[in-house]
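Here are a few notes to keep beside you as you look through this structure. They are meant as a friendly guide, taken point by point.

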Amino acid sequence: MAGVDLTPYPKREKEGEMGSLGNSANSKAVHEAGEDDYDHHKHLSPTHQQLDAGALFVLKSKGSWLHCGYHLTTSIVAPTLLSLPFAFTFLGWAVGIISLVVGALVTFYSYNLLSLVLEHHAQLGRRHLRFRDMANDILGPRWGWYYVGPTQFMVCYGSVIALTLLGGQCMKAIYVLSQPNGSMKLYEFVIIFGFLMLVLDQIPSFHSLRHINLISLFLCLAYSACAAAASIHIGNSSKGPKKDYGLKGDTESRIFGIFNAIAIIATTYGNGIIPEIQATIAPPVKGKMFKGLCVCYTVLIITFFTVAITGYWAFGNHSEGLLLSNFLDDGNPLVPKWFILMTNLFTILQLSAVGVVYLQPTNEVLERTFADPKSKELSARNVIPRVVSRSLSVVIATTVAAMLPFFGDINAVIGAFGFMPLDFILPVIFFNLTFKPSKRSLVFWLNVSIAVVFSALAIIAAIAAVRKIVLDAKTYRLFANV
């Protein structure tokens with residue numbers, strides 16, 4: 001689907017030149033028209049009426065760059081960062097830190113490229129509100145509808161299932177700590193967490209989540225600080241494991257472990273919804289996404305590096321898939337019990353916010369399918385199908401999470417096939433096709449290199465993830481109480 005006209009810019013001379021800044025008079029006029037032209041967007045009622053219900057209600061453009069920063073932070077700086085010490089067990093100190101730095105640099109760069117492409121098309125009068133809109137316009141409708149759209153849906157909905165499972169596991173950890181002989185099973189906690197998600201998912205628009213996502217920002221700082229403090233305390237005490245930073249396993253296991261670790265780090269930095277987040281910004285959009293990314297990456301650097309370094313320092317190659325698991329030794333807490341309960345509570349609350357953010361692409365599709373853009377957002381005509389469809393969406397995700405407690409292994413495959421293309425590969429391709437930098441320029445070859453390297457890594461990481469599923473398949477049980 002093409003972008004939506006929000007500004008009265010002149011049409012391009014050739015439809016095929018949409019992606020290029022070019023040197024034509026039209027392109028120059030468009031570029032120099034400036035942001036003041038956005039002041040007239042309120043008068044374009046015919047264009048406004050062309051918006052479908054998904055864009056009109058879920059992706060309403062009312063936010064500031066600061067709100068954008070809250071959304072970005074919630075979508076990227078999530079409890080998956082507590083897996084970073086585990087990734088280091090396959091990489092060691094040097095490669096682990098280098099991988100973290102490279103991940104930060106490449107994603108900050110690629111997200112900015114994606115933002116520049118979105119800003120450029122907005123200046124041309126066709127503001128793209130969804131990832132698939134960009135792909136339709138730049139790569140063609142087939143790419144948008146048959147690859148980018150389904151891939152984004154798979155990544156986002158898969159993330160919701162994984163986050164629901166993780167929320168249930170954190171709830172169970174609190175329960176086991178409080179009631180060691182309790183009889184409640186994991187799937188019961190997954191259902192409880194799913195109910196929390198169901199309630200939050202009734203919030204109508206992405207923009208409406210701005211206050212929740214501000215709280216989420218502080219929550220991720222809180223549990224990261226708790227995780228780092230607990231790691232330092234245990235690492236300096238005699239209670240912790242003997243520090244061993246050597247790589248374990250034979251050569252084959254180490255090689256596949258490296259690619260598993262790369263997939264974990266790539267997924268941790270993953271976003272997949274940059275266009276939808278930028279869609280929440282009120283026009284003019286120029287420069288606002290960069291400020292939002294600066295807010296996000298300030299929090300990211302503080303949390304990612306602190307947790308990864310302190311966690312791996314304290315536990316070495318004994319680091320668990322979730323760092324919080326290391327705070328217990330055979331059920332005995334290595335730090336005060338109240339501290340573990342508090343850290344898990346912070347994690348659970350932020351998981352619910354992250355889950356609702358990743359439900360927004362699904363909500364947009366549901367709204368576009370069932371809502372009426374000509375009726376009011378809170379009219380009975382739109383509220384009833386919204387509540388029913390969103391509730392059903394959360395119920396399905398919760399059921400899958402409860403049935404498949406090993407979904408994390410499946411999600412690793414989704415991450416390799418989804419997050420890497422959406423966040424590392426497509427942004428540089430979109431930039432080169434849109435702005436057409438000279439083939440002799442550093443930018444062109446840097447973008448080509450990123451696309452080639454991360455395409456290869458995505459394929460290898462997917463193979464490593466599938467191998468892990470095959471090796472672990474014998475332990476899989478539906479509704480298992482793990």
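1. Let's begin just after α6, where Gly 140 adopts a positive phi of about 115°. Please keep in mind as you look that this is a predicted model.

2. Now step back into α6 itself. How many of its residues are buried? Eight of eight are, and the helix is mostly covered. The buried set runs through Phe 131, Arg 132, Asp 133, Met 134, Ala 135, Asn 136, Asp 137 and Ile 138, so you will find Arg and Asp residues there alongside Phe, Met and Ile.

3. Leu 139 sits in the loop between α6 (131–138) and α7 (141–178). Is Leu 139 buried or partly exposed? Its relative accessible area is 24%, and because buried means under 20%, Leu 139 counts as partly exposed.

4. Follow Leu 139 to its partners and you reach a distant part of the chain. Leu 139 and Phe 430 are 291 residues apart along the chain, yet 8.2 Å separates their C-alpha atoms. Leaving aside residues up to four places away in sequence, Leu 139 touches Met 134, Leu 426, Ile 429, Phe 430 and Leu 433.

5. Phe 430 appears again in the largest nonpolar core, which has 127 residues. Which members touch the most others there? They are Leu 82, Phe 304, Phe 327 and Phe 430. For one of these, Phe 304, the residues touched are Ile 76, Val 77, Leu 81, Leu 84, Leu 100, Thr 268 and Tyr 269, again not counting residues up to four places away in sequence.

6. A helix pair is worth a look too. Helix α8 (residues 186–200) packs against helix α13 (residues 337–358) at an angle of about 50°, and their axes are 10 Å apart. That angle makes α8 oblique to α13, and the crossing of the two is right-handed.

7. What meets what between α8 and α13? On the α8 side are Phe 193, Leu 196, Met 197 and Leu 200, and they meet Ile 348, Leu 351, Ser 352, Gly 355 and Val 356 of α13. By type, the residues of this contact are seven nonpolar, two polar and no charged.

8. Finally, the whole chain. Its secondary structure comprises 17 helices and two strands. Of the 482 residues, 54% are buried. Taking contacts between residues at least 6 apart in sequence, 84% join residues at least 24 apart; the contact of Leu 139 with Phe 430 is one you have already met.

Key: Residues are numbered from 1 along each chain as its sequence is written. This is a predicted model: local features need pLDDT of at least 70, side-chain atom pairs count only at pLDDT 80 or more; totals for chains, interfaces and linings use all residues. Side-chain values use heavy atoms; hydrogens and water are left out. Axes are lines fitted to C-alpha atoms, for helices over the stretch in contact, and angles run from 0 to 180 degrees between N-to-C directions. Helices (H or I, at least four residues) and strands (E, at least two) are DSSP runs, numbered from the N terminus. Angles under 35 degrees count as roughly parallel, over 145 as roughly antiparallel, 65 to 115 as roughly perpendicular and the rest as oblique. A crossing is left-handed if the near helix is turned anticlockwise from the far one by less than a right angle, and right-handed if clockwise. Contact means heavy atoms within 4.5 Å. Ala, Val, Leu, Ile, Met, Phe, Trp, Tyr, Cys and Pro count as nonpolar, Asp, Glu, Lys and Arg as charged, and the others, Gly among them, as polar. A nonpolar core is a set of buried Ala, Val, Leu, Ile, Met, Phe, Trp, Tyr and Cys residues joined through side-chain atoms within 4.5 Å. Buried means under 20% relative accessible area, exposed over 50%, partly exposed in between (1.4 Å probe, protein chains only).
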